[in-house]
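Open your viewer, load the model and keep the selection tool at hand. We will go from stop to stop, choosing something to click each time and saying what is there.

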Amino acid sequence: MTKNRVEAVDRAISLLEAFSSGKPSLSLRELAELTGMYKSTILRLSGSLEHFGYLSRDDRGEYCLGPALSRLALLSQRDNASLVRPVLQRLVDETEETASFYVREGAERVCLFRANSRQEIRHHLEEGARMALNRGASGRILLAFSDESGEPFDAIRKNGFYISKGERAPDVAAIAIPVRAVNGGLAGALSVSGLRSRFTDDFVERALAALKHQLKDIDGKLMLR
């Protein structure tokens, strides 16, 4: 256990940790139930967190995570960003579809970096978006290469890639491959996604070739989060 901890800081972090993809906004009552803190304590802490941009309020007056967290997240990934972003842009140029880099955070996957397709109709998602791990190509890759056992994960590890069609959204398809970190562990998943109707067998073959070609510029070079 780390010594010299500050109780107020611990409580403030506990408030931030209460949010999830399933609960991106929380009422005062919900925060009290999830953290076990008194409402008066939450009000004092949230005042400081709002002041510095770590919490904000939505139209209903509920709390949600503020923009300061996204800024810090990007700063923490600046070295990885300089490697990953050019790769994503080249994938967009080669495939004309959206390219993304996902990482695992607990039971979720996070879209850490993204380059959106220039096509008028495209799969659009913001950086920082959180999604379930058990649906979609990137989520399956992150699970498989985190040593999840059984099928389809054994087959995914054997093939080295995964294609999803309509798993997360009916009209969206994606193909993803794993990316190793400097220490050999799993750094994340590199993917190309777009409209399901455009994911023909020929396109999937070209997209997989593009992913494997671009992988060489980041595989084994990224720092773990």
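The tour below starts with the whole chain and then moves to single elements and residues.

**Before you click**

This is a predicted model, in which local features need pLDDT of at least 70 and side-chain atom pairs count only at pLDDT 80 or more, while totals for chains, interfaces and linings use all residues. Residues are numbered from 1 along each chain as its sequence is written, and side-chain values use heavy atoms, with hydrogens and water left out.

**Stop 1: the whole chain**

Show the chain as a cartoon. You should find 8 helices and 9 strands; helices (H or I, at least four residues) and strands (E, at least two) are DSSP runs, numbered from the N terminus. The C-alpha trace spans about 60 × 40 × 35 Å along its principal axes. Of the 225 residues, 42% count as buried; buried means under 20% relative accessible area, exposed over 50%, and partly exposed in between, using a 1.4 Å probe and protein chains only.

Now colour by pLDDT, the predictor's confidence in each residue, from 0 to 100. The chain has a mean of 89, and 94% of its residues reach 70 or more. Which elements have the lowest and the highest mean pLDDT? Helix H4 (residues 67–76) has the lowest, at 69, and helix H8 (residues 201–215) has the highest, at 97. Where pLDDT is low, the predicted coordinates should not be read in detail.

**Stop 2: two domains**

Give residues 7–65 one colour for domain 1 and residues 74–216 another for domain 2. These bounds come from an automatic or database domain assignment. Taken over C-alpha atoms, the domain centres are 32 Å apart.

**Stop 3: a sheet of three strands**

Select S1, S2 and S3. They form an open sheet in the order S1-S3-S2, with antiparallel pairing; two strands pair if DSSP finds at least two bridges between them. Strand S1 (25–26) and strand S2 (55–57) are at the edges with a single partner strand each, so one side of each has no neighbour in the sheet. S2 pairs with strand S3 (residues 63–65) over 3 bridges. Click Ser56 and look across: Cys64 in S3 stands opposite.

Next, pick Ser46 in helix H3 (residues 39–51). Is Ser46 buried or exposed? With 1% relative accessibility, Ser46 counts as buried. Leaving aside neighbours within four places in sequence, Ser46 is in contact with Leu15, Leu55 and Tyr63; contact means heavy atoms within 4.5 Å.

**Stop 4: rings in S4 and S5**

Show the side chains of Phe101 and Phe113. They form a stacked aromatic pair, 6.2 Å centre to centre with 25° between the planes. Rings of Phe, Tyr and Trp (its six-membered ring) pair if their centres lie within 6.5 Å; planes under 30 degrees apart count as stacked, over 60 as edge-to-face and the rest as tilted. Phe101 is in strand S4 (residues 98–105) and Phe113 in strand S5 (residues 108–115), so the pair ties together parts 12 residues apart in sequence. Both of these residues are buried.

Add Tyr102 and Arg109. The charged end of Arg109 sits over the ring of Tyr102, 4.8 Å from its centre. The rule here is that NZ of Lys or CZ of Arg is within 6 Å of the ring centre and within 35 degrees of the ring normal.

**Stop 5: strand S8 and its partners**

Select strand S8 (residues 172–180), where 8 of the 9 residues are buried. Strand S7 (residues 162–165) runs antiparallel to S8, joined by 4 bridges. One bridge partner to find is Ala174 in S8, across from Ser164. Strand S9 (residues 186–195) also runs antiparallel to S8, with 9 bridges. There, Pro178 stands opposite Ala189 in S9.

**Stop 6: unusual backbone angles**

Most residues other than glycine have a negative phi, and most peptide bonds are trans. Three places to click:

- Glu96, in the loop between helix H5 (78–95) and S4, has a positive phi of about 65° and is exposed, with a relative accessible area of 52%.
- Asp147, in the loop between H6 and H7, has a positive phi near 70° and is exposed at 66% relative accessibility.
- Pro152, in the loop between helix H6 (137–144) and helix H7 (153–159), is joined to Glu151 by a cis peptide bond with omega about 10°.
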